[in-house]
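Biologist: I should like to learn how to read a protein model, one feature at a time. Please begin with a single residue and then move outwards.

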Amino acid sequence: MTVVYQRVALIGLGLIASSMAHAMRQFGLAAEITGHAKSAETRAIAAEIGLCDRVFETAAEAVAGADLVVLCVPIGAMAAIAAEIAPHLAAGATVTDVGSVKGAVVEAVKPHMPDHVHFIPGHPIAGTEHSGPRSGFATLFQNRWWLLTPPEGADPAAVARLRALCEGMGANVDEMDAAHHDLVLAVTSHTPHLIAYTMVGVAEHMRRVSNSEVIKYSAGGFRDLTRIAASDPVMWRDVFLNNKDAVLDILGRFTEELFVLQRAIRMEDGEHLHAYFTRTRAIRRGIIEAGQDTSAPDFGRVARVEGKGTA
Ligand code: NAP
């Protein structure tokens, strides 16, 4: 593999940044990696495990001289970071991010970006329910999608270079506009997470009121939801606050469907339920055929080293 960027600055050193650091090193994509995280504790861990070549106390110091800056912080922290680093960005540098919502990140970051940098937002659709600097691993992005949302008029050479980095880490890259990204992700990731949080919340309430053994006897469906519902609270709070319209739109559709199924159960309309579940089963087959999950029993849990989140 060839070096794509001379110096990559990772701002935020959690799951995504640490996975990027491991992948960039493994595939020789960056000559140097610098980093910054908010807490002294995370910075100390990053230094101790050699995540970056140099770890800085401030984001401003970390981005100096970098030809790629990657914002890997929760969405709510993007604006303040962008304001802090703006005066320190090198001419010709690319600034990207990995936030799970794109419209709100563009609104938060773009106003701060000087004309001499390329701002190309991005989102790797890969993750786990773990967070922090120790949670990353080099293969997180293998065969996962990495969506880029370059603004109109973005420099094609800068986009191609960022694409080469993502592909070098094993990802498949697609481009789309930010609003479309947010709607698609509301369906495929954000609303499913909300449903998982809700269902686990219901079970927790049941456990308290009836002292039932929902944890001890947790079966496949519930257990899978608990993994999703264990995702980072700060990250997911910010996702819902920043993709409000799209999530509320999809939730409205979801509750309509739920009422239809509720009625089918009440009316003992087995034909409706069977036809519905047959259609949804076909979607699952499509995901496996697209290489985005395994058909192994129990979701390949035993064989797989790390679970894949829906990000
Ligand atoms: P994470 O493991 O929780 O790490 C977040 C990092 O950001 C931590 O190092 C934290 O520092 C740092 N941070 C927070 N506020 C900061 C600030 N004001 N200044 C500097 N650093 C700050 O999070 P993650 O899972 O990597 O997620 C990061 C981004 O990736 C989010 O925008 C998320 O939407 C996106 N994303 C996540 C996933 C996923 O599945 N997890 C998938 C795709 C995209 P401290 O440790 O010092 O607090």
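Modeller: Let us begin with Gly201, which is placed in helix α7. Helices (H or I, at least four residues) and strands (E, at least two) are DSSP runs, numbered from the N terminus. Please note that this is a predicted model, in which local features need pLDDT of at least 70, side-chain atom pairs count only at pLDDT 80 or more, and totals for chains, interfaces and linings use all residues. Residues are numbered from 1 along each chain as its sequence is written, and side-chain values use heavy atoms, with hydrogens and water left out.

Biologist: Is Gly201 buried, exposed or partly exposed, and why?

Modeller: The general idea is a relative accessible area: buried means under 20%, exposed over 50%, and partly exposed in between (1.4 Å probe, protein chains only). Gly201 has a relative accessible area of 35%, and therefore counts as partly exposed.

Biologist: How far apart are Gly201 and Ala229, in sequence and in space?

Modeller: Gly201 and Ala229 are separated by 28 residues in sequence and by 9.0 Å in space, C-alpha to C-alpha. Thr198 also belongs to helix α7, which covers residues 178-210. Thr198 lies 31 residues from Ala229 in sequence, and their C-alpha atoms are 8.5 Å apart. Thr198 is partly exposed because its relative accessibility is 47%.

Biologist: How does one read the sides of a helix, and which residues of α4 are buried?

Modeller: One looks at the arc, which is that of the directions from the helix axis to the C-beta atoms. In α4 (residues 78-85), the buried residues are Met78, Ile81, Ala82 and Ile85. Their arc is within 100 degrees when seen down the axis of α4, so they line one face of the helix. These buried residues pack against β1 (5-11), α3 (59-63), β4 (68-71), β5 (94-97) and α5 (103-109). Here a contact means heavy atoms within 4.5 Å.

Biologist: Which residues of α2 are buried, and which exposed residues are on the face turned away from them?

Modeller: Helix α2 (residues 40-48) has Thr42, Arg43, Ile45 and Ala46 as its buried residues. They are on the same side of α2, because they cover an arc of only 160 degrees around the axis. The face turned away from that buried side carries the exposed residues Ala40, Glu41, Ala47 and Glu48. The packing partners of the buried residues of α2 are β2 (30-36) and β3 (54-55).

Biologist: What should one know about the angle phi?

Modeller: Most residues other than glycine have a negative phi. Just after α2, the glycine Gly50 takes a positive phi of about 70 degrees. Asn143, a residue other than glycine, has a positive phi near 60 degrees. Asn143 sits in the loop between β7 (122-124) and β8 (145-148), and with 37% relative accessibility it counts as partly exposed. Glu268 also has a positive phi, near 55 degrees. Glu268 lies in the loop between α10 (244-266) and α11 (270-289), and at 71% relative accessibility it counts as exposed.

Biologist: How many helices and strands are there in the protein chain?

Modeller: The protein chain has 11 helices and 9 strands. Its radius of gyration is 21 Å, close to the 19 Å that the globule rule gives for 311 residues, so the chain is as compact as a globular protein of that length. The radius is taken over C-alpha atoms, and the rule is 2.2 Å times the number of residues to the power 0.38. Buried residues make up 43% of the 311 residues.
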